[in-house]
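Work through the exercises below on side-chain contacts. Try each task before reading its solution.

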Amino acid sequence: MTETVTLSLTVNGRGHVVEVPANMVLVDLLRERLQLRGTKAACDQGACGACTVLVDGVPATSCLTFAFAVDGRSIVTIEGVAVDGLFDRVQRAFHECGVPQCGFCTPGMVMLGKALLDQEPPPDAALVERWLNANICRCSGYQVFRRAFAAVGASDPR
Ligand code: FES
Ligand code: FES
């Protein structure tokens, strides 16, 4: 019988108490238990970044993060990025720059961009490049992602 653990966590500003298998990973908790299917599982090996969410503001690959490790933490997923139903600045830049929207890498890319712009604004090209290394776009639309990240950085009022 699989051991279970009870967790208390905040997801997109909402508190949850859940009992889950001790070996459950965060992406499964989000998608299967909390029905937040915006976060994608692609490689399931920590290699592609498609499953990126923010844990206390820091990007994490949710396919490699055990659910028990986020007990007491605050998670933001792609569903929690828009404010009052309006795109946030990263989503707006993606839209305006016409980034590829495959649906698999896009949520992870938005979360990566959000953390990058929230933590270290405005990022220079070298920093954008370093962060982009964490997430794979299989159709190789990197040039447009670079432009979108740079556009957010350039418009950053801070
Ligand atoms: S699905 Fe998690 S890193 Fe690829
Ligand atoms: S836009 Fe998603 S893999 Fe390229």
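The exercises cover charged pairs first and aromatic rings after that.

This is a predicted model: local features need pLDDT of at least 70, side-chain atom pairs count only at pLDDT 80 or more, and totals for chains, interfaces and linings use all residues. Residues are numbered from 1 along each chain as its sequence is written, chains are lettered from A and ligands numbered from 1 in the order in which they are written, and side-chain values use heavy atoms, with hydrogens and water left out.

**Exercise 1.** Find how many salt bridges there are, and place the one between Arg73 and Asp56.

*Solution.* Start with the rule. A salt bridge is a side-chain nitrogen of Lys or Arg within 4 Å of a carboxyl oxygen of Asp or Glu. The count comes to 5 salt bridges. In the pair of Arg73 and Asp56, the closest N and O atoms are 2.7 Å apart. The pair links distant parts of the chain, 17 residues apart. Arg73 sits in the loop between β4 (58-61) and β5 (74-76), Asp56 in the loop between β3 (52-55) and β4. Helices (H or I, at least four residues) and strands (E, at least two) are DSSP runs, numbered from the N terminus. Now check accessibility: buried means under 20% relative accessible area, exposed over 50%, partly exposed in between (1.4 Å probe, protein chains only). Arg73 is partly exposed at 32%. Asp56 is partly exposed at 44%.

**Exercise 2.** Describe the salt bridge of Asp118 and Lys114, and name the network that holds them.

*Solution.* The closest N and O atoms are 3.1 Å apart. Both residues lie in helix α3 (residues 106-119), 4 residues apart, about one turn of the helix. Asp118 is partly exposed at 36%, while Lys114 counts as buried at 16%. The network links Arg89, Lys114 and Asp118.

**Exercise 3.** Which helices does the salt bridge of Arg146 and Glu129 join?

*Solution.* The N to O distance is 2.8 Å. Arg146 lies in helix α5 (residues 142-155) and Glu129 in helix α4 (residues 125-132), so the pair ties together parts 17 residues apart in sequence. Arg146 is partly exposed at 27%, and Glu129 is partly exposed at 31%.

**Exercise 4.** Classify the aromatic pair of Phe94 and Phe149.

*Solution.* Rings of Phe, Tyr and Trp (its six-membered ring) pair if their centres lie within 6.5 Å; planes under 30 degrees apart count as stacked, over 60 as edge-to-face and the rest as tilted. The structure holds 3 aromatic pairs. Phe94 and Phe149 are 5.9 Å apart, centre to centre, with 25 degrees between the planes: stacked. Phe94 lies in helix α2 (residues 89-97) and Phe149 in helix α5, so this pair ties together parts 55 residues apart in sequence. Both Phe94 and Phe149 are buried. Ring pairs link Phe94, Phe145 and Phe149 into a cluster.
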